[in-house]
Amino acid sequence: MPAQLVSIETAPDLVDQVYRALLGAICGGTLAPGERLTQEDIAQRLSVSRQPVLQALRLLKKDGFVLDAPGRGVLVAPLDAEGMRQIYQVRGALDVLAARLAAQQCFRIDPKLIERGRRAARGRNVEAMIDADVAFHQAIYEASGNPLIGQSANPHWRHLRRAMGAVLQAEPQRESLWDEHEAIAAAIAAGNAERAARLSEQHVAKASEALGERLARQLLAHAASTPATQGDKA
C-alpha cells in the first residue's frame, strides 16, 4: 500500500515570510533580547493566522533565536559574547578555506563590492554596513567553487548579523575593515593562496576580538542599568 501524504495547510512561503520578518526584527533590535513573544500578538501584528507563526517560532527556536518562556510564549534569546566568539572560530575556518580555494582560481572580486562597503562605513546606515560586509564574504564563498562553504557559513552569519547590528548601533563600522577586505581580494586575484588564507585568518581574528569586546561592554552596561528584581536584592 503506498504511503499516505498528509495535506499541508500552511503555505511554506508564508511561514518563510513570517520567519524572515521575525528574524529581521530580532537582528535589527526591534525585538529586544528577553522580550516575550506570543503567537496571538505576532499574528495580529503581521496580519496572518497563528499557524504560520507557530511554525516560524519553531524554526527560530531551532536556530537559537528564541527560547521557551515561563508560562506562555517564547523569549527573544539573549546576546552572548562567548557564543559569538565560538561562531567566529567556525566562520574563520570556513573563510580561510574559501580564500585559499578562490585564490587557486585567481578570482577577481568585483571592486564595486569594496566601494559599496567603504561608502557604507562612512555612513550611518547599520543595515547597509552589515549587508556590504556579508556580500563581500559571500562573494569569496562563491568564488571558492565549493557550495558547502557558503551553506555551512550562512546559518552562523544570521547570528553574527544580530550581534553586529547591536554593536554598530553604538559604534559605527571602522573603515579600515575595508582595507583588510581589499588586501584579501588582491591576494586572491594574484593567486597567492597562502597570503589570502593568512590575511583572512587575521581579519576574522581581529573582527572577533573587536566585536566580542564591544558586545561584552554593551551587555555589562545593560546589566548595570537594569533594575534588580526583588529576588536579586535578597
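Trainee: What makes β2 and strand β3 (residues 74-76) count as a pair in this model?

Mentor: Good place to start, and keep in mind that the model is predicted. β2 and β3 are joined over three bridges in the antiparallel sense. Two strands pair if DSSP finds at least two bridges between them, so three bridges are enough for β2 and β3. Within this pairing, Leu-67 stands opposite Leu-75 of β3.

Trainee: What makes β1 and β2 edge strands?

Mentor: The sheet is open, and its three strands come in the order β1-β3-β2, with antiparallel pairing. β1 (36-37) and β2 (66-68) are its edge strands, since each of them pairs on one side only. In general, strands of a sheet pair through backbone hydrogen bonds, in a parallel or an antiparallel way.

Trainee: How many helices go with those strands, and where do the strands fall along the chain?

Mentor: The protein has 10 helices and three strands. From the N terminus, the elements follow the order α-β-α-α-β-β-α-α-α-α-α-α-α. Along the principal axes, the C-alpha atoms fill a box of roughly 65 × 55 × 30 Å.

Trainee: Now a residue that caught my eye. Why is Tyr-141 called buried?

Mentor: Tyr-141 has a relative accessible area of 3%. Buried means under 20%, so Tyr-141 meets the condition. Tyr-141 sits in helix α6 (residues 126-143).

Trainee: What surrounds Tyr-141, apart from its neighbours within four places in sequence?

Mentor: Tyr-141 is in contact with Arg-91, Asp-95, Ala-98, Asn-146, Ile-149, Gly-150, Ala-153 and Trp-157. Take Ala-153: it is 12 residues from Tyr-141 in sequence, and the two C-alpha atoms are 8.8 Å apart. Contact is judged on heavy atoms within 4.5 Å, so a C-alpha distance of 8.8 Å does not rule out the contact between Tyr-141 and Ala-153.

Trainee: And Arg-214, with its charged side chain: is Arg-214 buried or exposed, and how do you know?

Mentor: Arg-214 has 17% relative accessibility. That value is under the 20% cut-off, so Arg-214 counts as buried. Arg-214 belongs to helix α9. Leaving out neighbours within four places in sequence, the contacts of Arg-214 are with Val-167, Leu-168, Glu-171 and Pro-172. Over the whole protein, 40% of the 234 residues count as buried.

Trainee: On to empty space. How many cavities are there, and what makes a space a cavity here?

Mentor: The whole structure holds two cavities of 30 Å³ or more. A space is called a cavity because a 1.4 Å probe fits there but cannot get out. The largest cavity has about 220 Å³ of space. Its lining has 15 residues, and those closest to its centre are Tyr-88, Met-164, Leu-177, Ala-207 and Leu-211. α9 (193-225) is among the helices that supply at least two residues of this lining, and α9 gives the largest share, five residues. By class, the lining of the largest cavity has eight nonpolar, three polar and four charged residues.

Trainee: Which residues line the second largest cavity?

Mentor: You will recognise one of them: Tyr-141 is in the lining, which also includes Asp-95, Ala-98, His-137 and His-203. The volume of the second largest cavity is about 60 Å³. α4, α6 and α9 each supply at least two residues of its lining. Six residues of this lining are nonpolar, three polar and one charged.

Trainee: What can you tell me about the largest pocket, and which helix gives the most to its lining?

Mentor: The largest pocket has a volume of about 510 Å³. It is lined by 16 residues, and Leu-23, Gly-24, Cys-27, Arg-158 and Arg-161 are the closest to its centre. α1 gives the most to the lining, with eight residues. At least two residues each come from α1 (12-28), α6 and α7 (147-170). The lining of the largest pocket divides into seven nonpolar, four polar and five charged residues.

Trainee: Last one: which element has the lowest mean pLDDT, and which the highest?

Mentor: Helix α10 (residues 230-233) has the lowest mean pLDDT, 43, and helix α8 (residues 176-189) the highest, 96. Over residues 229-234 the pLDDT is below 50, and this stretch has one contact in the model beyond near neighbours in sequence. For the protein, the mean pLDDT is 88, with 90% of residues reaching 70 or more.

Methods
Residues numbered from 1 in each chain as written. Predicted model: local features only at pLDDT ≥ 70, side-chain atom pairs only at ≥ 80, totals over all residues. Heavy atoms only, no water. Helix = DSSP H or I, 4+ residues; strand = E, 2+ residues; numbered from the N terminus. Buried < 20%, exposed > 50% of the residue type's maximum accessible area, 1.4 Å probe, protein only. pLDDT = per-residue confidence, 0-100. 1 Å grid on protein atoms, 1.4 Å probe; cavity = no way out; pocket = protein on both sides within 12 Å on 5 of 7 lines; lining within 4 Å. Points joined across faces, edges and corners; volume = space filled by probe spheres on them. Nonpolar A, V, L, I, M, F, W, Y, C, P; charged D, E, K, R; others polar.
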